[in-house]
Amino acid sequence: MRLLPIHDTQARRILSPVSGFLSEAGFTHSLTPARNCTYGCSYCYVPTMRIQAGLKPDDWQHWGEYTTYKTNAPDLLKRELKPDQLIYCSPLTDPYQPAEMHQEMMPRILEQIYIHPPKLFVIQTRSPNILRDTKLLQTVAENTDLRISFSITTNDDRIRKIFEPRCESIPDRLRTIEELRAAGLNVYATVAPILPCEPPDLARLVVEATANPIIGDPLHIRQLKPRGATTRDAAFKILDHYGQPQWAEPGFQTQLLEVLDHEIRALGRDFATGPKGFSCLTQTPSSPAWASPAPAGPKPSPRSIRPTGKP
Ligand code: SF4
């Protein structure tokens with residue numbers, strides 16, 4: 001893939017105290033090594049946050065067309081890291097976006113995490129680029145609770161190509177999870193956002209890929225979330241274009257989550273969405289919030305969960 005422009009900047013701080021969603025999930029801080037993300041996913045909520053995400057107008061007007069690295073991040077970490085922090089990296093960019101292979105920022109960040117270990121360090125990514133740092137991740141995991149939250153958004157790679165064409169394929173991501181787990185690293189599957197999919201196939205795929213509770217979140221829609229970050233219009237236009245607008249309708253989403261929940265629990269795994277879902281990244285799987293039994297009663301009707309359709 002063509003490498004998009006990479007700019008540099010100096011940040012005043014690198015760890016941000018969290019509020020809202022991440023705070024409810026149990027995190028204390030977030031770490032964002034770059035502004036803007038060249039994966040440029042059609043649904044990415046970050047550009048809709050504008051200045052709340054620390055973006056410049058050019059970032060949200062040209063989302064995904066370049067990225068700006070905070071080159072002093074490792075130096076800032078030396079004085080900002082504390083042992084009681086639970087850090088999420090990152091809510092505003094993929095730390096292993098393609099530019100990372102040129103910037104090599106994450107090894108320098110991980111070095112500081114190793115030297116000044118926080119209580120918990122979570123890496124949120126969808127990128128096989130993380131495999132470059134496997135040995136370093138193993139070393140960091142000796143000193144802190146290191147977890148990798150890996151995004152799997154659909155079971156159907158044709159759908160992935162439409163909504164996130166610059167990202168690696170679903171099979172490549174599954175192979176990456178396998179390699180990370182073979183290296184002894186603690187990996188979670190994050191089905192967020194849930195793109196058009198076959199729920200039983202997606203459930204089987206993420207349960208077989210990992211050993212932890214499954215985290216999910218549907219596409220954010222304004223009817224259910226009047227304020228704050230939301231799905232970019234580009235994703236809604238794609239749904240309309242392919243005659244699948246129901247994936248952004250509240251009733252359909254409720255039923256989708258019920259079906260996915262049923263399928264995942266039937267395979268013996270816990271599933272939750274929103275802050276509760278992401279809270280499994282800050283808790284142990286056996287903590288009370290996650291010790292919920294499989295729901296009783298009949299399987300939810302999948303009558304309106306239509307197949308993904310022809311892309
Ligand atoms: S990888 Fe994440 S941060 Fe980057 S564009 Fe896609 S959704 Fe946004």
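Okay, let's start with one residue pair: leucine 86 has leucine 120, over in β7, as its bridge partner. Before I go on, keep in mind that this is a predicted model.

So where does that pair sit? β6 and β7, the latter covering residues 120–125, are joined by four bridges, and the two strands run parallel. Now look at β6 again, residues 86–89, because there's a second connection: two bridges link β6 to β3, residues 29–31, and that pairing is parallel as well. If you want a spot to click on there, serine 30 stands opposite tyrosine 88 in β6.

Next, a separate bit of sheet. What is the strand order in the open sheet of three strands? The order is β1-β5-β4, and the pairing is mixed. β1, which is 6–9, and β4, which is 34–35, are the edge strands, each pairing on one side only. β4 and β5, residues 67–70, are held by two bridges and run antiparallel. Arginine 35 has threonine 68 in β5 as its bridge partner.

On to the ligand. Which residues are around the ligand? Going along the chain, you have Cys37, Tyr39, Gly40, Cys41, Cys44 and Val46, then Gly64, then Thr93 and Asp94, and finally Arg126. Sort that shell by class and you get five nonpolar residues, three polar and two charged.

Last stop, helix α9, residues 170–182. Here's a quick sanity check on the helix: with 13 residues at 1.5 Å a residue, α9 should span 18 Å, and its end C-alpha atoms are 18 Å apart, so the two agree.

Which residues of α9 are buried? Those are Ile170, Arg173, Thr176, Ile177 and Leu180. They cover an arc of only 115 degrees around the axis, so they end up on the same side of α9. Yes, there's an arginine in that buried set, Arg173. Flip to the other side of α9 and you find Pro171 and Ala182 exposed.

And what do the buried residues of α9 pack against? Three helices are on the list, namely α7 (134–141), α8 (157–163) and α10 (199–209), along with the strands β8 (145–151) and β9 (186–194).

One more thing, if you scroll just past the helix: α9 is followed by glycine 184, and the phi of glycine 184 is positive, near 85 degrees.

That's my tour. If you open the model yourselves, I'd begin with leucine 86 and leucine 120 in β7, as we did here. Okay, over to you.

How values were computed:
Residues are numbered from 1 along each chain as its sequence is written. This is a predicted model: local features need pLDDT of at least 70, side-chain atom pairs count only at pLDDT 80 or more; totals for chains, interfaces and linings use all residues. A residue is near a molecule or strand if its C-beta atom, placed from the backbone, lies within 6 Å of it. Ala, Val, Leu, Ile, Met, Phe, Trp, Tyr, Cys and Pro count as nonpolar, Asp, Glu, Lys and Arg as charged, and the others, Gly among them, as polar. Two strands pair if DSSP finds at least two bridges between them. The expected span of a helix is 1.5 Å times one less than its number of residues. A residue is buried if 20 or more other C-beta atoms lie within 10 Å of its own, exposed if 12 or fewer, and partly exposed in between; C-beta atoms are placed from the backbone. The arc is that of the directions from the helix axis to the C-beta atoms. Two residues are in contact if their C-beta atoms, placed from the backbone, lie within 7 Å.
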